[in-house]
Amino acid sequence: MTIQKFETDQALFNYANELLNRRGVKIHDIAEIVHELQANYVQNLTLDYCIENIEAVLHKREVQNAIITGIELDIAAEEGKLSPILTDILMRDEGLYGIDEVLVLSIVNVYGSIGFTNFGYVDKLKPGIVGKLNDAKGKFCNTFIDDIVGAIAAAAASRIAHSQPALKD
């Protein structure tokens, strides 16, 4: 087996985005969640500004690594390339299997505690594309990708929050 070495950040960025696209996730879908999270706090927030912040999050190496690892595990489960026990756990998105949430902590923690709380909110409510991915279990293995997308949205929303001037009482 020949292993290709990805020497550039751009190659990892491109591959992470390709995996998201292959699984039906568009940046615009994530931007809608970011907008929902921050619209009440940022005056005149646009989807373009949300997309700009998502792309900044996606350029972080730890984010790319989480995307690649999680989505490839989802795909491997669908293709039956994992042990029967792990495949069953992932295909059912077993409720007590928390590795998917642990993996995405590397994404949400990039922007501090607000990233963590934003992710908890998204993970609980499952807005937009996150809910669609979650509802597709059974047909596809989306154990990791729904949390990955929620974490990207949470991190981008947190990045926006950090860029705002302090609110005055």
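Leaving aside its neighbours within four places in sequence, which residues is Val122 in contact with? Keep that in mind while you get your bearings; what you have open is a predicted model.

**Stop 1: Val122**

Select Val122, which sits in helix α7, residues 113–125. Now show what lies around it: beyond the four places on either side in sequence, Val122 contacts Ile33, Leu37, Pro127, Val130 and Gly150. The relative accessible area of Val122 is 1%, so this residue counts as buried. For a sense of scale, pick Asn44 as well: the two residues are 78 apart in sequence, and their C-alpha atoms are 22 Å apart in space.

**Stop 2: the nonpolar core**

Next, bring up the largest nonpolar core, a set of 50 residues. Colour Leu20, Val34, Ile67, Ile107, Val149 and Ile152, since these are the ones with the most contacts inside that core. Then switch on the helices that feed it: α1 (9–22), α2 (27–38), α3 (47–58), α4, α6, α7, α8 (128–135) and α9 (145–163) each give the core at least two residues. Helix α9 supplies the largest share, 11 residues. As background, nonpolar side chains in soluble globular proteins tend to be buried together.

Stay with Val34 for a moment. Setting aside residues up to four places away in sequence, Val34 touches Cys50, Ile54, Ala153, Ala156, Ala157 and Ile160.

**Stop 3: α1 against α4**

Hide the rest and keep α1 and α4. Their axes come within 9 Å and cross at roughly 40 degrees, and the two helices are therefore oblique to each other. The crossing is left-handed. On the α1 side, select Asp9, Leu12, Phe13, Tyr15, Ala16, Leu19 and Leu20; on the α4 side, take Arg61, Gln64, Ile67, Ile68, Ile71, Glu72 and Ile75. Coloured by type, the residues of this contact come out as 10 nonpolar, 1 polar and 3 charged. Leu20 and Ile67, which are part of this contact, were also in the list of residues with the most contacts inside the core.

**Stop 4: α4 against α6**

Keep α4 (residues 61–78) and swap α1 for α6 (residues 99–108): here the packing angle is about 155 degrees, with the axes 8 Å apart. These helices are therefore roughly antiparallel to each other. This crossing is left-handed. From α4, the contact uses Glu62, Val63, Ala66, Thr69 and Gly70; from α6, it uses Leu103, Ser106 and Ile107. By type, the contact residues of α4 with α6 divide into 4 nonpolar, 3 polar and 1 charged.

**Stop 5: Asn134 and two positive phi values**

Last, go to Asn134 in helix α8. Is Asn134 buried or exposed? Its relative accessibility is 14%, so Asn134 counts as buried. With residues up to four places away in sequence left out, Asn134 touches Asp93, Lys126 and Asp146. Two of these partners deserve a look at the backbone.

Asp93 is in the loop between α5 (84–92) and α6. Its phi is positive, about 50 degrees, although Asp93 is not a glycine. Asp93 counts as buried, at 14% relative accessibility.

Lys126 is in the loop between α7 and α8. Its phi is positive too, near 55 degrees, again in a residue other than glycine. At 24% relative accessibility, Lys126 counts as partly exposed. For context, most residues other than glycine have a negative phi.

Technical notes: Residues are numbered from 1 along each chain as its sequence is written. This is a predicted model: local features need pLDDT of at least 70, side-chain atom pairs count only at pLDDT 80 or more; totals for chains, interfaces and linings use all residues. Side-chain values use heavy atoms; hydrogens and water are left out. Axes are lines fitted to C-alpha atoms, for helices over the stretch in contact, and angles run from 0 to 180 degrees between N-to-C directions. Helices (H or I, at least four residues) and strands (E, at least two) are DSSP runs, numbered from the N terminus. Angles under 35 degrees count as roughly parallel, over 145 as roughly antiparallel, 65 to 115 as roughly perpendicular and the rest as oblique. A crossing is left-handed if the near helix is turned anticlockwise from the far one by less than a right angle, and right-handed if clockwise. Contact means heavy atoms within 4.5 Å. Ala, Val, Leu, Ile, Met, Phe, Trp, Tyr, Cys and Pro count as nonpolar, Asp, Glu, Lys and Arg as charged, and the others, Gly among them, as polar. Buried means under 20% relative accessible area, exposed over 50%, partly exposed in between (1.4 Å probe, protein chains only). A nonpolar core is a set of buried Ala, Val, Leu, Ile, Met, Phe, Trp, Tyr and Cys residues joined through side-chain atoms within 4.5 Å.
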